[in-house]
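Here is a colleague's note for someone opening this structure for the first time. Please keep the sequence and the 3D view at hand while reading.

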Amino acid sequence: MGYIFAILAGSAMSIQGVMNTRLGEKTGLLLSNSYVQGTAFILALIALIFAKDNNFKGFGEVNKIYLFGGVLGLVITLTVMLSVKKLSPVLAVSVILIAQLITAAVIEGFGLMESEKIAFTWNKIVGVIAMIGGVILFKYTG
């Protein structure tokens with residue numbers, strides 16, 4: 001199921017990035033972002049009504065740095081829209097995926113944010129280099 005969820009997330013992110021960019025071209029970056037974030041907020045509140053695993057006390061128990069995830073939601077939406085607008089959907093998503101992979105590897109490599117520490121081995125480095133090479137090849141050929 002994890003792979004299915006990851007595929008759905010990646011697909012939804014790509015579709016949303018293009019949709020948000022097109023909306024922003026007609027309404028403006030911040031207005032479209034406000035609409036997108038506001039819609040997500042309202043839908044999340046509705047889903048919260050039906051959720052069974054709510055633990056509001058957890059807000060007081062969690063490391064306070066984790067509460068900035070919402071701020072990153074804004075950063076993600078804005079920067080995806082800007083990158084799709086300035087590049088192309090395929091190129092923007094390719095660079096975003098590479099950045100996600102490298103960032104996740106750093107988080108795991110150093111065991112940051114309570115993650116299990118997993119070494120970033122040479123074969124993973126070669127994989128990232130191959131991905132970067134693929135993006136360059138994609139960008140500058142045909």
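The points below go from the overall fold to single helices, then to a loop and a few side chains.

1. **What kind of model.** This is a predicted model. Local features are taken up where pLDDT is at least 70. Side-chain atom pairs count only at pLDDT 80 or more.

2. **Overall make-up.** The protein has 6 helices and 0 strands. Read from the N terminus, the order of elements is α-α-α-α-α-α. The C-alpha atoms fill a box of roughly 50 × 45 × 30 Å along the principal axes.

3. **Burial and surface.** How many of the 142 residues count as buried? The share is 13%. The accessible surface comes to about 10,700 Å². Carbon and sulfur atoms hold 74% of that surface.

4. **Contacts along the chain.** Take the contacts with a sequence separation of 6 or more. Residues 24 or more positions apart make up 59% of them.

5. **Helix α2, its span.** Helix α2 covers residues 29-50, which is 22 residues. From first C-alpha to last, α2 reaches 32 Å. That is close to the 32 Å expected at 1.5 Å a residue.

6. **Helix α2, its two sides.** Which residues of α2 are buried? They are S32, N33 and V36. Seen down the axis of α2, these buried residues fall within an arc of 100°, so they line one face of the helix. The other side of α2 carries exposed residues: L30, L31, Y35, F41, I42 and I49. The buried residues of α2 pack against α1 (2-27) and α4.

7. **T77 in helix α4.** T77 sits in helix α4. Is T77 buried or exposed? T77 is buried, because its relative accessible area is 9% and the cut-off for burial is under 20%. Neighbours within four places in sequence are set aside here; beyond them, T77 is in contact with N20, N33, V36 and Q37. Two of these partners, N33 and V36, appear among the buried residues of α2.

8. **S83 in helix α4.** S83 is also found in helix α4. S83 has a relative accessibility of 17%, so it counts as buried. Again leaving aside neighbours within four places in sequence, S83 is in contact with S88, A92 and I96. One of these partners, A92, is a buried residue of α5.

9. **Helix α5, its span.** Helix α5 covers residues 89-110 and has 22 residues. From its first C-alpha to its last, α5 reaches 31 Å. This is close to the 32 Å expected at 1.5 Å a residue.

10. **Helix α5, its buried side.** The buried residues of α5 are L91, A92, I98 and A105. They cover an arc of only 165° around the axis, so they sit on the same side of α5. What do they pack against? Their packing partners are α4 (69-86) and α6 (122-140).

11. **Just after α5.** G111 follows directly after α5 and takes a positive phi of about 65°. Most residues other than glycine have a negative phi. That background helps with the next point.

12. **The loop between α5 and α6.** M113 lies in this loop. M113 is not a glycine, yet its phi is positive, at about 50°. M113 counts as exposed, because its relative accessibility is 52%. E114 lies in the loop between α5 and α6 too. Phi of E114 is near 65°, again a positive value in a residue other than glycine. E114 counts as exposed at 67% relative accessibility.

13. **S115.** S115 lies in the loop between α5 and α6 as well. How exposed is S115? S115 is partly exposed, with a relative accessible area of 30%. S115 and A104 are 11 residues apart in sequence. In space they are 10.0 Å apart, C-alpha to C-alpha.

14. **Aromatic rings.** The count of aromatic pairs is 0. For a pair, the ring centres would have to lie within 6.5 Å. One ring does have a charge over its face: K139 lies over Y140, at 6.0 Å from the ring centre.

Methods
Residues numbered from 1 in each chain as written. Heavy atoms only, no water. Phe/Tyr/Trp six-rings, centres within 6.5 Å; stacked < 30°, edge-to-face > 60°. Lys NZ or Arg CZ within 6 Å of the ring centre and 35° of its normal. Helix = DSSP H or I, 4+ residues; strand = E, 2+ residues; numbered from the N terminus. Expected span 1.5 Å × (residues − 1). Buried < 20%, exposed > 50% of the residue type's maximum accessible area, 1.4 Å probe, protein only. Arc of directions from axis to C-beta. Contact = heavy atoms within 4.5 Å. Areas by Shrake-Rupley, 256 points an atom, 1.4 Å probe, with all protein chains shown as cover.
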